[in-house]
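Here are a few short exercises to work through with the model open beside you. Try each one before reading its solution.

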Amino acid sequence: MILHSCSLISINAACSFRKIPPTIAARGDKFSSKTHKNEQLCASKFCSCGSRRQFIEAAATALLPLLNPSGVSGLPYDSMDMLNKFHPARPDWYEEFYASVMNSSMESYEAEIAGYKSELFDKLRGKAKKVLEIGIGTGPNLKYYAGDIDVQVVGVDPNKKMEKYAQAAAMAAGLPLANFKFMKAVGEAIPLSDGSVDAVVGTLVLCSVKDVDMTLQEVRRVLKPGGIYLFVEHVAAKDGTLLKFWQSVLDPLQQTIADGCHLTRQTRKNISEAGFSDVKLSNALLSNASLINPHVYGIALK
């Protein structure tokens, strides 16, 4: 982009003439007549400056979507490059299988966590018109937006196969598809502009991102001042407990079979130290969650 800008500046300079200062104009007509001839030549059909400038400007415009495939200006990164860096492409069969499993195996968990989620989502009702959900998956949270017809929801997930399940969940919840958009991306590089959403929702997502702190900084970046971050996450058990022992033993296997999910992350600490102006955080222990216990849930304000 710098090279393109420099080229445009050079060509614009070649095709423009500065106003003649009075001291130069006083020297006579020799300078003025020479300048006049150059202006006539540049305006004639023999000058290639204009056509060259038009060509480069058109080429630069055509290249912009390729240089910024997310289509969002002002981002400090290429979101597609970041997607490939933090979540390299999986085989189609794996992504489809994982999406199908997530869609059909979380009923008991969602039933038990529903009370906590309802309490949190009630705080968004009427306060957030544009909501971003990171790691939206198959859309289990979309039912909590039911009845709020004005809300616009953007769901981000690196697994494109989740989209059809999330759309079905939106329709089942009565959320118009016109109010729901799915974007393939990672939490470490959210393809939205700074301060563009009223709220960010993340449930069971910080366990599987590659960089927790980077994701939280992206959450803060896209939130408007005073915006809400709503979270439900599982964290490591207390040191010295039997649960923590088994989490440590099975953590590598969990990462392999559960698309990067970690059992031993100290996510409470990450959220508390991410720079939010206020964090209200509570604990929960779920009987249906097995190894992914305990949970932290709450709301943080930008």
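**Exercise 1.** Is Lys224 buried or partly exposed?

Solution. This is a predicted model, where local features need pLDDT of at least 70, side-chain atom pairs count only at pLDDT 80 or more, and totals for chains, interfaces and linings use all residues. Residues are numbered from 1 along each chain as its sequence is written, and side-chain values use heavy atoms, with hydrogens and water left out.

Start with the cut-offs: buried means under 20% relative accessible area, exposed over 50%, partly exposed in between (1.4 Å probe, protein chains only). Lys224 has 33%, so it's partly exposed.

**Exercise 2.** Find the salt-bridge partner of Lys224 and place both residues.

Solution. Look for a side-chain nitrogen of Lys or Arg within 4 Å of a carboxyl oxygen of Asp or Glu, which is what a salt bridge is. Asp198 fits, at 3.2 Å from N to O. The pair links distant parts of the chain, 26 residues apart: Asp198 sits in strand 4 (residues 197-203) and Lys224 in strand 5 (residues 223-234). Strands here are DSSP runs (E, at least two residues) and helices likewise (H or I, at least four), numbered from the N terminus. Now check Asp198: at 18% relative accessible area, it's buried.

**Exercise 3.** Trace the salt bridge of Glu218 and see what joins it.

Solution. First, the partner is Arg221, with the closest N and O atoms 2.7 Å apart. Next, both belong to helix 9 (residues 212-222), and they're separated by about one helical turn because they lie 3 residues apart. Both are buried. Finally, salt bridges with shared partners bring Asp194 into one network with Glu218 and Arg221.
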